[in-house]
Amino acid sequence: MSFLRSIEQRVEGLIEGAFGRAFRTHVQPVELARKLTKEMDDHRTVSVSKVYVPNEYSVYLAPPDREQFASYENSLVDELRQHLAEHARRERYALQSHPRVVMETDGDLAVGEFGIATRMVQPEQGAEGPPSSEPGHTMIYRKEVAAVPTEAASPVELGVEEPKARITVGDRTHEMDSRRLVIGRSRECDIQISDPNASRRHAEVRRDGDTFSVVDLGSTNGTDVNGRRTQRAKLSDGDRITIGTTDLVFHREDA
């Protein structure tokens with residue numbers, strides 16, 4: 001596929017997405033996939049050395065929406081399970097079992113609306129990880145009825161260029177080649193620092209599109225950016241991240 005054709009298809013996808021949100025009626029499978037991964041991200045539990053996420057997801061649909069999936073519901077459920085498993089692998093989340101997705105019908109929902117409830121289910125008694133939990137609050141997603149203005153796609157959205165980033169610790173350099181880099185004393189961290197004042201999983205640097213930020217993972221001694229204590233902070237080129245007594249410098253290069 002040519003480079004220009006690739007850009008053309010990305011632009012088409014952005015335009016189709018805007019019109020789809022404006023005129024759709026029934027729930028679409030891609031919407032379910034996006035919101036399921038959002039629920040996984042929103043219900044993370046940070047442990048000593050792992051980040052646990054729910055492994056059971058109940059999807060509530062209006063009767064007409066559930067009916068439209070009747071002929072391929074089993075295949076759709078399997079695809080959504082695989083999508084969640086891949087997202088967990090990519091983000092290095094810990095699952096207590098392969099994700100389970102259950103479709104339910106809710107007569108109180110209107111066409112185009114759906115709800116998602118999550119919980120952690122421990123498959124075997126005595127298994128490592130947090131205890132099983134009761135189903136959480138059901139998040140309801142409602143259809144958008146107003147047209148969404150189409151904005152010009154950024155170079156990053158088109159895949160033409162993407163900012164590069166790296167983190168230096170002393171004479172070591174770590175390229176930001178994934179969406180998240182975990183920093184801490186544990187050997188499982190992407191950037192391991194030998195600092196007694198650092199937690200095993202202390203903080204992580206995240207990429208969201210063309211924006212980078214550092215997030216404290218519930219550490220004991222906290223995280224500073226340019227000398228100021230923070231739970232989450234957007235990063236710019238040259239910012240200094242302090243963990244314990246160790247300084248890390250964030251570098252960004254825009255293509």
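## A tour from the salt-bridge network to the sheet

Begin by selecting Arg44, Glu91, Arg179, Arg180, Glu204 and Arg206, which are linked to one another in a network of salt bridges. The model on the screen is a predicted one, and a search through the whole of it finds 16 salt bridges.

Before going further, show the whole protein chain as a cartoon, where five helices and 17 strands can be traced. Of its 255 residues, 40% are buried, and the accessible surface comes to about 14500 Å², with 47% of that area belonging to carbon and sulfur atoms. If contacts with a separation of 6 or more are displayed, 59% of them are between residues 24 or more positions apart.

Next, select helix H4, residues 73–91. Within this helix, aspartate 78 and arginine 81 are three residues apart, about one turn of the helix, and they form a salt bridge in which the closest N and O atoms are 3.1 Å apart. Both ends of this bridge are partly exposed, since aspartate 78 has a relative accessibility of 32% and arginine 81 has a relative accessible area of 24%.

Further along H4, select glutamate 86 and arginine 90, which lie four residues apart, again about one turn of the helix. Their salt bridge has its closest N and O atoms 3.7 Å apart, and here too the partners count as partly exposed, glutamate 86 with a relative accessible area of 34% and arginine 90 at 42% relative accessibility.

Now add glutamate 73 and arginine 66, which form a salt bridge with their closest N and O atoms 2.7 Å apart. Is each partner buried or partly exposed? Glutamate 73 counts as buried, because its relative accessibility of 16% is under the 20% cut-off, whereas arginine 66, with a relative accessible area of 22%, is partly exposed.

The aromatic rings come next, and the count of aromatic pairs comes to two. In the pair made by phenylalanine 69 and tyrosine 72, the ring centres are 5.9 Å apart and the planes stand at 80 degrees, so the arrangement is edge-to-face. Phenylalanine 69 is buried, with a relative accessible area of 1%, while tyrosine 72 is partly exposed at 34%.

For the other pair, select phenylalanine 212 and phenylalanine 250, whose ring centres are 5.4 Å apart and whose planes meet at 50 degrees, so the pair is tilted. This pair links distant parts of the chain, as phenylalanine 212 belongs to strand E12 and phenylalanine 250 to strand E17 (residues 246–253), 38 residues apart. At 0% relative accessibility, phenylalanine 212 counts as buried, and phenylalanine 250, also at 0%, is buried as well.

Finally, stay with strand E12 and bring its sheet into view: five strands form an open sheet in the order E10-E9-E11-E12-E15, with mixed pairing. Which strands stand at the edges? They are E10 (191–192) and E15 (232–234), each of which has a single partner strand, so one side of each is left without a neighbour in the sheet. Strand E12, residues 211–216, runs antiparallel to E15 and is joined to that strand by three bridges. To end the tour, select valine 214 together with alanine 233 in E15, the residue that it stands opposite.

Conventions: Residues numbered from 1 in each chain as written. Predicted model: local features only at pLDDT ≥ 70, side-chain atom pairs only at ≥ 80, totals over all residues. Heavy atoms only, no water. Helix = DSSP H or I, 4+ residues; strand = E, 2+ residues; numbered from the N terminus. Buried < 20%, exposed > 50% of the residue type's maximum accessible area, 1.4 Å probe, protein only. Contact = heavy atoms within 4.5 Å. Areas by Shrake-Rupley, 256 points an atom, 1.4 Å probe, with all protein chains shown as cover. Pairing = 2+ DSSP bridges. Phe/Tyr/Trp six-rings, centres within 6.5 Å; stacked < 30°, edge-to-face > 60°. Salt bridge = Lys/Arg side-chain N within 4 Å of Asp/Glu carboxyl O.
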